[in-house]
Amino acid sequence: MTKKRRVGINYDPRPWQSDFHRGCAEKRFGLAICARQHGKTHLACMETIDRALQGPPEAAYGLVAPFANQARRIYWPRLKQLLEPLRDVVSFRETDLIATLPGNRQIYLLGADNESARGLTLRGLVSDEFDNMDQDIWRSVFLPTTTNWGEEYFVLYIGTLSTQGALWRQYQERRGDPDWHCTLVKASEAGVMSRGQLDRMKLEMGTAAFLREFECDPTPPVSHSVLGDLVDEARADRRIQELPIDPHQKIITSWDLGIADYTCVWFFQLVGNYIHAIDYREFSGIGLVEILNRLDGLYRYGPFILPHDINVRDYSTGVSRL
């Protein structure tokens, strides 16, 4: 009778990583917005390894970086380090960046700067630094690789915020979805860096860059802006808070309609003597009908505040935007 040998992986998760793995275990989708240098790459590699080892034989998984050379430089060494204890039963194809685990389970390292995933069938996808990826390639090449697995595939989105981009919108839209596990890891709350380290980084980087890179703030003040420092001060004093939406008040929307630039929509409620800012969305490259379709059902709407030229008719159609 052959004895089974228990082998440990080279991974000692931080508390936030452990919480994420537990929360993500029974979910089909995961999303982590994480402060820089807090271990999101190790988390992504380990989550993929764990899913692969516990999944069916012959299944394949993809770790996707914005560029192929990033996948080689950042993910490949981490993957090999984690799998070192399994070196007797794991093989690595250096040229193709493919790790083969027991049961012919494979992990591909891929770049979103090309269409190398076309033709693959993947049971899981991990997107690192989602905001820096070519969104068209992600939607048209990578996501379709999961369709053969029906409802059994998983997708993990991770990254550090750069702006109010796609990753932040996913977080805002999906954090209440039962199929998703979403987390936001701020450096000030994760316990990885000391207060002294954080203060030094803020001093050296500047407030705006520090808030974006380490505090996962999608709206850091712009350097030398008129109100940026005041908003930052108000946030630090906890005068900017997340308040529950008043269910008895409808949401008022205010619109700035763009043609060559963004269409912007602000959402707010009038509660007593206060204006509660609820949400903000911006759209580019799609028409008003599609924008309205996307906003339909998000809130219980009240008046729409529209620009003064909303009734101007288009010369080609004779129809106004109203």
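Which residues does Glu129 touch, not counting residues up to four places away in sequence? I started my notebook with that one. This is a predicted model, so I read everything below as such.

**Entry 1: Glu129**

I found Glu129 in the loop between S6 and H4. I listed what it touches, leaving out residues up to four places away in sequence: Arg36, Lys40, Pro66, Ile158, Gly159 and Thr160. Next I looked up whether Glu129 is buried or exposed. Its relative accessibility is 11%, and buried means under 20%, so Glu129 counts as buried. Two of the residues on that list, Ile158 and Gly159, sent me on to strand S7.

**Entry 2: strand S7**

S7 covers residues 154-159. How many of its six residues are buried? I got six of the six, so S7 is largely enclosed by the rest of the structure. I also checked which way the residues point. Phe154, Leu156 and Ile158 go one way, while Val155, Tyr157 and Gly159 go the other way, and all are buried.

Then I looked up the neighbours. Strand S1 (residues 29-34) runs parallel to S7, with five bridges joining the two. Strand S6 (residues 124-128) also runs parallel to S7, and five bridges join that pair. I noted who faces Ile158: Ala32 is its bridge partner from S1, and Asp128 stands opposite Ile158 too. Gly159 of S7 has Ile33 opposite.

I followed the chain from S6 to S7 as well. S6, helix H4 (residues 135-142) and S7 make a β-α-β unit, and the unit is right-handed.

**Entry 3: strand S1**

I ran the same check on S1. Six of the six residues are buried here, so S1 is largely enclosed by the rest of the structure. Both faces are covered: I have Phe29, Leu31 and Ile33 on one side, Gly30, Ala32 and Cys34 on the other, all buried. Besides S7, I looked at S8, which pairs with S1 in the parallel sense over six bridges. Phe29 has Trp180 as its bridge partner in S8.

**Entry 4: the sheet around S7**

In what order do the eight strands of this open sheet come? I wrote down S3-S4-S5-S2-S6-S7-S1-S8, with mixed pairing. Strand S3 (91-93) and strand S8 (180-185) are the edge strands, since each pairs on one side only. From one strand to the next, the twist averages 15°.

I also looked at the join between strand S2 (residues 60-65) and S6. These two run parallel, with four bridges between them. Leu63 has Val126 of S6 as its bridge partner.

**Entry 5: helix H3**

What does helix H3 (residues 68-82) lie across? I counted off S2, S3, strand S4 (98-101), strand S5 (105-111), S6 and S7. Relative to S5, H3 runs at about 145°.

I picked out Ile74, which lies in this helix. With 29% relative accessibility, Ile74 counts as partly exposed. I also took its C-alpha to C-alpha distance to Val90: 19 Å in space, for 16 residues apart in sequence.

**Entry 6: H1 against H2**

Next I turned to two helices, H1 (residues 15-24) and H2 (residues 40-54). Their axes come within 11 Å and cross at roughly 35°. The crossing of H1 past H2 is right-handed. Which residues make the contact? From H1 I have Trp16, Gln17, Phe20, His21 and Cys24; from H2, Lys40, His42, Leu43, Met46, Glu47 and Arg51. Sorted by class, that contact has five nonpolar, three polar and three charged residues. Lys40 was already in my notes, as one of the residues Glu129 touches.

**Entry 7: a four-strand sheet**

Last, I looked at an open sheet of four strands. Its order is S11-S10-S9-S12, and the pairing is mixed. Strand S11 (274-283) and strand S12 (301-305) are the edge strands here, each pairing on one side only. The twist averages 25° from one strand to the next. Inside the sheet, strand S9 (residues 251-256) and strand S10 (residues 263-271) pair in the antiparallel sense over five bridges. I noted one partner pair from them: Ile252 with Phe268 in S10.

Note on methods:
Residues are numbered from 1 along each chain as its sequence is written. This is a predicted model: local features need pLDDT of at least 70, side-chain atom pairs count only at pLDDT 80 or more; totals for chains, interfaces and linings use all residues. Side-chain values use heavy atoms; hydrogens and water are left out. Buried means under 20% relative accessible area, exposed over 50%, partly exposed in between (1.4 Å probe, protein chains only). Two strands pair if DSSP finds at least two bridges between them. A crossover is right-handed if, with the strands pointing away from the viewer, the path from the first strand over the helix to the second runs clockwise. Axes are lines fitted to C-alpha atoms, for helices over the stretch in contact, and angles run from 0 to 180 degrees between N-to-C directions. Contact means heavy atoms within 4.5 Å. A crossing is left-handed if the near helix is turned anticlockwise from the far one by less than a right angle, and right-handed if clockwise. Ala, Val, Leu, Ile, Met, Phe, Trp, Tyr, Cys and Pro count as nonpolar, Asp, Glu, Lys and Arg as charged, and the others, Gly among them, as polar.
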